[in-house]
Amino acid sequence: MNKSFSIELRRFLLILVITALVGFWLNNVLICSLIGLSIYVIWTFYNIYILARWFPRLESTPPPESIGFWGALCDELYRYQHNNESEKNKLRADVAYLRDSFASLHDAVVMVDRLGGIEWCNDAARPILGLSLDKDYGQTLTHLLREPQFIQFFDSGNYADSIKVHSLHKPNSVLRVQITRFGQGNRLVFARDITEIARLEGMRRDFVSNVSHELRTPLTVITGYIDNFHLLTEQMPALQNPLNQMAQQAERMEQLIKDLLDLSKLETKPNEVHRTPVSISDLSQVVLEEARARCRADNMHRSLALDVEQPISILGQESELHSALSNLVINACKYTEENGSIHICVGLDDQGGYFSVLDNGVGIDPTHIPRLTERFYRIDKSRSFDTGGTGLGLAIVKRILLRHDSSLEITSQLGKGSEFICRFPKHRLISH
Ligand code: ADP
């Protein structure tokens, strides 16, 4: 383009020079130069006219034949438009491809604009959410999906996790809803019907809870008999060892049933709105004393210390929090060798409140850390067996913390020790 412009400039100057020379020869430089200039202006207007005529048909007609700068300009415009058109076609094809793939999904997909209006939804949105593009296009999504939990989630803007919603459109059905952002404030809402999964999950929970309940009564009878048989060991000393083992196993089973029932209660109980302040610092003191008493009773020598850097209280359920903190401190005692030390710390940092338990015990290989809070996950089954573990402790801790919008952080080095940190979010904290 630059090249043809400089050629054009040279052409203009050449016309001026030639007409000036002719004018000089005819003895009238000014008039001849003006005539030359006029010819150039007329030619330029002619080219502008051709360009203006062609421009509206730019997409369908090839560029007009022009010489010099104007020809190059038309060619350049035509090339630009052509490239633009192929880019647009490619984009159109991509959008159509994406829409087709969303349309074929079994999950409902709804595209929502910046103001919450429905821009597009796939066919599955009709059976799952009761939405259809023909009748609901442009409508505000939260005016159509009236589930309070969904509205709260949609308006919160925090879409890190998905939520489970009981559908109003199809009573007794359960949906898993996920939202992601795209474009300029647009949102993509995915909803999956998980009624069947939720039903099976409920059945599993009920089964575990019923079995645990049913096992309780026979176990009470067995432990009763074991206690009575202990009275006979004076006459039959050979019974002493087997009876001790039976008592130990019965105690383990009792603990297992208790943990299973606790976990199933935590899973089934609705997450109530907590309004009671619970002092984590005071609870830590209680947990510390209990752990010391337990160590004394089990003849374990551990040095336990509590450091309250800043007293904190959170809105929560005291007995649940007691159980979580106690589980962590008792674990630290169990997985620390003789004369090991355990340091509990309570305080505040920029993430919120925390309760941490640091030990210099056996430690954990980092590969196990992500799975520690799974039910029945134990690293060393024989060690857990020795310590009377059930493999449910950390699963209970995680569940309790989740019910308090809190999380568990684990860091550890094999052979050096571990640190378990409960993190309480700022919105749960109560200022002292
Ligand atoms: P358990 O009843 O077996 O202790 P938990 O769920 O409480 O079950 O813990 C799961 C596993 O995590 C334990 O088996 C143990 O291997 C490991 N663990 C928990 N706490 C600690 C700790 N403080 N130090 C080292 N390992 C630990």
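Visitor: Which residues come nearest to the ligand?
Guide: This is a predicted model. In it, 21 residues stand around the ligand. Those that come nearest are Asn331, Tyr335, Thr390, Gly391 and Leu394.

Visitor: Which element supplies the largest share of the shell around the ligand?
Guide: At least two shell residues come from each of α11 (318-334), α13 (393-403) and β12 (417-425). The largest share is three residues, and the element supplying them is α11.

Visitor: How many residues of the shell around the ligand are charged?
Guide: By class, the shell holds 10 nonpolar and eight polar residues. The number of charged residues is three.

Visitor: What percentage of the ligand's exposed area does the protein bury?
Guide: An oxygen atom of the ligand is 2.7 Å from an N or O atom in the side chain of Tyr335, and a ligand oxygen is also 2.7 Å from a polar backbone atom of Thr390. A nitrogen atom of the ligand lies 3.4 Å from an N or O atom in the side chain of Ser418. Taken alone, the ligand exposes 520 Å², and the share of this that the protein buries is 97%.

Visitor: How far apart are the end C-alpha atoms of helix α8?
Guide: Helix α8 covers residues 195-230, which makes 36 residues. At 1.5 Å a residue, the helix should therefore span 52 Å. The distance between its end C-alpha atoms agrees with this: 52 Å.

Visitor: Where in α8 does a kink lie?
Guide: The kink is about 25°. Shortly after it comes the proline Pro218. The residue at the kink is Arg216.

Note on methods:
Residues numbered from 1 in each chain as written. Predicted model: local features only at pLDDT ≥ 70, side-chain atom pairs only at ≥ 80, totals over all residues. Heavy atoms only, no water. Near = heavy atom within 4 Å. Polar contact = N/O pair within 3.5 Å; in protein donor to acceptor, adjacent residues only side chain to side chain. Areas by Shrake-Rupley, 256 points an atom, 1.4 Å probe, with all protein chains shown as cover. Helix = DSSP H or I, 4+ residues; strand = E, 2+ residues; numbered from the N terminus. Nonpolar A, V, L, I, M, F, W, Y, C, P; charged D, E, K, R; others polar. Expected span 1.5 Å × (residues − 1). Bend = angle between axes of the 7 residues up to and from the residue.
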